[in-house]
Amino acid sequence: MTESSRTAIFLTGAAGYIGGAVLARLLNHPKAKAFDITVLVRNADKAKILESNFGVEAVLGTHQEYDKIHDLAMQSQVVFQLAESDDVSFAKALLSGMKDRHAKVVDVQILIHTSGTGLLKDDARGEYATSTIYSDVNVEQMKAIPDTAFHRNVDLLVMDADTQGYARSHIILPSTVYGIASNALVDAGVSNPYSMQVPQLVRASLDRKWAGVVGKGKAFWPDVHIDDVADLYIVLFDSIVNNPDQTGHGWEGFYFGENGEHTWYQLSRAVGEALVSLGITTEAEPTTFTVEELVKYWGSEYWGWYNGTNSRCRADRGRAIGWKPRYKSEDLFKSVLPEVKANLNK
């Protein structure tokens, strides 16, 4: 890509939480007029808004239309994959399009894939804090993660694309992403403004009218504000374009999204304090979810216990290329009350 050339970008997840925040930043990028952005969306009304209000080419389709995904990836120089972390068939369709483009055009596409720090999770069930902390600049540590780890099946496909040489692969791994997103796409009704982990805990606690926690809540997770993690995607993209030789890819291309960490107890306590402040309960101290509650609120024991896992990491690689996150873990706790109020109004 030269300074005067146009850049064809394919972005998945435009209607989502992180995807919408990243797309909003691309639309406000200093070089946005040189971007030809294509997105894949399911909703026809949202597609019309994207095209008429934002100048984005919106293709109607699902993630199961593999031929369409292949072709959209093949037509692009840059792929932002912000929708699927675990769908192998979807990933293979995307990567096959990129591989076919490389065979035909002989360029190397940029791929920024979204995984997650769930990759690092254990089975603590809230009973202990691990001392193991991952750094994204420790390549051997990243390579040693078991193939059976959460998200790993797709991550390895993305790594293989880089090894084969038809893509420059980069993986961003958001952690507990928090904050109600605020951008033009949210205002237009296109993108989802809400995260998953915090709202799920809030909804469960509201239903039982008392804050809940998995086990003793001793396990740690990293956290990052939605604005900070969306900025990381743009900082990485700019670094790839402007300083490719100094921007790690492949096994040197993992980028954690974190700017602090919290215990599950601290997060549940913040929920309890919010419930007390709103007169919903009388005590902020969380009580342990029963197994039956885990199934009720998260659909299965597995996904319930997930909220008591350890996942500890440091975003050293992103900071090395200029990422400067602003929000701290205290801001995570402050974000809980607005989430509770938002769920009360639904």
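Strand E10 (residues 220-225) and E12 run antiparallel and are joined by three bridges. Within this pairing, Trp221 has His262 of E12 as its bridge partner. Keep in mind as you look around that this is a predicted model.

The two strands belong to an open sheet of three strands with mixed pairing, in the order E8-E10-E12. Strand E8 (176-178) and strand E12 (261-263) are the edges, each pairing on one side only. From one strand to the next, the twist averages 40°. Helix H9 packs on this sheet, where it touches E8 and E10, and its direction makes about 75° with that of E10.

H9 (residues 226-242) is worth a closer look. Its 17 residues should span 24 Å at 1.5 Å a residue, and the end C-alpha atoms are indeed 24 Å apart, so the two values agree. Twelve of those 17 residues are buried, which means the helix is largely enclosed by the rest of the structure. Among them are Asp227, Asp228, Tyr233 and Phe237.

Now over to strand E4 (residues 78-81). Val78 and Phe80 are buried on one side, and Val79 and Gln81 are buried on the other, so both faces are covered; in a regular strand, side chains alternate between the two faces of the sheet. Here are the pairings of E4:

| Pairing | Sense | Bridges |
|---|---|---|
| E1 (residues 7-12) and E4 | parallel | four bridges |
| E4 and E5 (residues 109-114) | parallel | four bridges |

In the pairing with E1, Ile9 stands opposite Val78 of E4. Towards E5, Val79 stands opposite Leu111. Helix H4 (residues 88-105) joins E4 and E5 in a right-handed β-α-β unit.

Key
Residues numbered from 1 in each chain as written. Predicted model: local features only at pLDDT ≥ 70, side-chain atom pairs only at ≥ 80, totals over all residues. Heavy atoms only, no water. Buried < 20%, exposed > 50% of the residue type's maximum accessible area, 1.4 Å probe, protein only. Pairing = 2+ DSSP bridges. Right-handed = clockwise from strand over helix to strand, strands pointing away. Expected span 1.5 Å × (residues − 1). Axes fitted to C-alpha atoms, helices over the stretch in contact; angles between N-to-C directions. Contact = heavy atoms within 4.5 Å.
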